[in-house]
Amino acid sequence: MSDENTLERAAAKAVRAEALLDDEILSEAFAALEKSYIAAWRATTVDDAASREKLFLAINIVGKVRDHLAGVVANGKLARAELKELVETAERRKRFGII
């Protein structure tokens, strides 16, 4: 991730992803989905393995979406740190007459 434009895009995406993770409505939606999927999963009959598998996958997908957003936030934090390092390196070079 050394291209400045790529780093800036990652940092901007992180801000948006963090806002989504902090959004009360989205958090409630994730919780409601998980709760309803778990309730439906528990209500399946013994011989309804196909439904249980589909509900199990649905429960895991909700978690994967949340994990993806958290990954975008983590990548953005790394990108911001790398951008900061690029700026500091450029300032040091300028200060010491290297560029």
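**Figure legends: a three-helix model**

**View 1. The whole chain reads α-α-α along the sequence.** The model is predicted. The protein contains three helices and zero strands. Its radius of gyration is 21 Å, well over the 13 Å that the globule rule gives for 99 residues, so the protein is more spread out than a compact globule. The C-alpha trace spans about 75 × 25 × 15 Å along its principal axes. Of the 99 residues, 18% are buried.

**View 2. A salt bridge joins Glu34 and Arg66.** The structure holds two salt bridges, and this view shows the one between the side chains of Glu34 and Arg66, with an N to O distance of 3.5 Å. Glu34 lies in helix H2 and Arg66 in helix H3, which covers residues 49–95. The two residues are 32 residues apart, so the pair links distant parts of the chain. How exposed is Glu34? Its relative accessible area is 22%, and Glu34 is therefore partly exposed, because the buried class ends under 20%. Arg66 has 29% relative accessibility and also counts as partly exposed.

**View 3. A salt bridge joins Arg92 and Glu85.** The closest N and O atoms of this pair are 3.4 Å apart. Which class of exposure does Arg92 fall into? At 36% relative accessibility, Arg92 is partly exposed. Glu85 is partly exposed as well, with a relative accessible area of 39%.

**View 4. Five acidic residues form a negative surface patch.** The members of the patch are Glu18, Asp22, Asp23, Glu24 and Glu28. Which elements give two or more residues to the negative patch? They are helix H1, covering residues 4–22, and helix H2, covering residues 24–42.

**View 5. Glu28 is a member of the negative patch and lies in helix H2.** The relative accessibility of Glu28 is 47%, so Glu28 counts as partly exposed. Exposed residues need over 50%, and the 47% of Glu28 does not reach that class. Patch residues need over 30% relative accessible area, and Glu28 meets this cut-off with its 47%.

Conventions: Residues are numbered from 1 along each chain as its sequence is written. This is a predicted model: local features need pLDDT of at least 70, side-chain atom pairs count only at pLDDT 80 or more; totals for chains, interfaces and linings use all residues. Side-chain values use heavy atoms; hydrogens and water are left out. Patches are made of residues with over 30% relative accessible area and no salt bridge: like charges are joined within 9 Å, nonpolar side chains (Val, Leu, Ile, Met, Phe, Trp, Tyr) within 5 Å. Accessible areas come from the Shrake-Rupley method with a 1.4 Å probe; for residues, only the protein chains shown count as cover. A salt bridge is a side-chain nitrogen of Lys or Arg within 4 Å of a carboxyl oxygen of Asp or Glu. Lys and Arg count as positive and Asp and Glu as negative; His and the chain ends are not counted. The place of a charge is taken as NZ of Lys, CZ of Arg, CG of Asp or CD of Glu. Helices (H or I, at least four residues) and strands (E, at least two) are DSSP runs, numbered from the N terminus. Buried means under 20% relative accessible area, exposed over 50%, partly exposed in between (1.4 Å probe, protein chains only). The radius of gyration is taken over C-alpha atoms; the globule rule is 2.2 Å times the number of residues to the power 0.38.
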